[in-house]
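Notebook open. I want to look up cysteine pairing here, then how two helices pack.

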Amino acid sequence: MKLLVIGGGRFVGRHLVEAALARGHEVTVFNRGLSAPPPPGVTALAGDRRQDLSALRGGRWDAAVDTCGYLPREVAAMAAALDAAVGRYLFVSSVSVYASFASPNDESSATGTIEDPDTEVVDGRTYGPLKALCEQALLSRLGAARSTIVRPGLVVGPLDPTQRFTYWPARIARATGGEPVLMPGDPGDAVQFIDARDLAAFMLGLLEAGRGGIFNAASPPGQWCFGDVVEACTAVSGRRLRRVWADAPTIERLGLKAWVDLPLWLPPQGAYAAFMRSDVSAALSAGLQIRPLGGTVADTLAWHRALPPAEQAFTLAGLTPERESDALQALR
Ligand SMILES: NC(=O)c1ccc[n+]([C@@H]2O[C@H](COP(=O)([O-])OP(=O)(O)OC[C@H]3O[C@@H](n4cnc5c(N)ncnc54)[C@H](OP(=O)(O)O)[C@@H]3O)[C@@H](O)[C@H]2O)c1
């Protein structure tokens, strides 16, 4: 298959490029050239999708995967530019498209809306509704028959720039001699995510099979709980630690934020109660395979440990040792 990856320089796109090469596909990437250069054998086209798509002119691909569409106008422009150039267009969306997370969503659940659909501010409030509008922009240009939409849950694994999952393998690997480690909620609280490499394999499988449709993509709801992540991290690093669980009111009282300070966890009651319980049965029927948790933990930790020391600091998610120590002190 001749495959065009829009983005392709980091995380999801990078894993996709490597998996596509390993499966014998011919790969072109289109990006600004600011991220890592592509691996050998990949054709690189340079351009800023928000301004100049001319580098795509004259190309022909069996499929395109859009890994970095956030504004409806940029997806509309890309779909128009590729209409005559690709057979299928796969858009990487998100489970954040849904209007509510009070109960589990499947692909038919209502998507969120936004007051100003032309906003170019992508933040926690606008990201999901804008992704929903991006999906609509694609569908209205190429139609359902040539469009595939994948809505990943939290994406994790090596190369993850967000630090949200990586915090836990790294934090637990730092524990020495039974030290206390602050844990959110309860070991039985739901978690749901997908290793970027499983996401890449799933998307390639859909393209190889020529499958259209909309697919939530994540581990099956209920497959893992937060305690499983902790156990996997403990097993991989071989550390001994004392787990100090703090429930949602305690976390709030400590002035800590779920998802950010204590990542990968959302309070089991409240507006995001079902954020990590999306229905993924359509994806499983279409071939989604989820690797064992220990593999994701081990590979993420190995990748993190190989980063330059300055990049190992948790600046985007998780607690600094000082903040965690203050919180543990307050719980005594
Ligand atoms: N991380 C998660 O948990 C999660 C969950 C659900 C869905 N998603 C979705 O997964 C997708 C992939 O996320 P990601 O973090 O791997 O990648 P990303 O940050 O969305 O995309 C990075 C890639 O896009 C290229 N790029 C960025 N802006 C560009 C522009 N204006 N023109 C051309 N290329 C541009 C970058 O290369 P250059 O910098 O070289 O241009 C790089 O190769 C996103 O659509 C995201 O919404 C992520």
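I count a disulfide as a pair of cysteine sulfur atoms within 2.5 Å. The model I am working from is predicted.

**Entry: disulfides.** I searched the whole structure and got zero disulfides. Why no bond for cysteine 68? Its closest cysteine sulfur is the one in cysteine 134, and at 11 Å that is too far for a bond. I checked from the other end too: cysteine 134 is in no disulfide, and the nearest cysteine sulfur, that of cysteine 68, is 11 Å away.

**Entry: burial of these cysteines.** Are they buried or exposed? Cysteine 134 comes out buried, with a relative accessible area of 0%. Cysteine 68 has 25% relative accessibility, so I put it down as partly exposed.

**Entry: α2 against α3.** Next I looked at helix α2, residues 72-82, and helix α3, residues 127-146. Their axes come within 7 Å and cross at roughly 20°. Anything under 35 degrees counts as roughly parallel, so I log α2 and α3 as roughly parallel to each other. I noted the hand of the crossing as well: right-handed.

**Entry: who touches whom.** Which residues make this contact? On the α2 side I listed Pro72, Val75, Ala76, Ala79, Ala80 and Leu82. They meet Leu130, Leu133, Cys134, Ala137, Leu138, Arg141, Leu142 and Arg146 in α3. Sorted by type, the residues of the α2 contact with α3 are twelve nonpolar, two charged and no polar. Cys134 from my disulfide search turns up again here, among the α3 residues that meet α2, and I already have it down as buried.

Notes: Residues numbered from 1 in each chain as written. Predicted model: local features only at pLDDT ≥ 70, side-chain atom pairs only at ≥ 80, totals over all residues. Heavy atoms only, no water. Axes fitted to C-alpha atoms, helices over the stretch in contact; angles between N-to-C directions. Helix = DSSP H or I, 4+ residues; strand = E, 2+ residues; numbered from the N terminus. Parallel < 35°, antiparallel > 145°, perpendicular 65-115°, else oblique. Left-handed = near helix turned anticlockwise from the far one by under 90°. Contact = heavy atoms within 4.5 Å. Nonpolar A, V, L, I, M, F, W, Y, C, P; charged D, E, K, R; others polar. Buried < 20%, exposed > 50% of the residue type's maximum accessible area, 1.4 Å probe, protein only.
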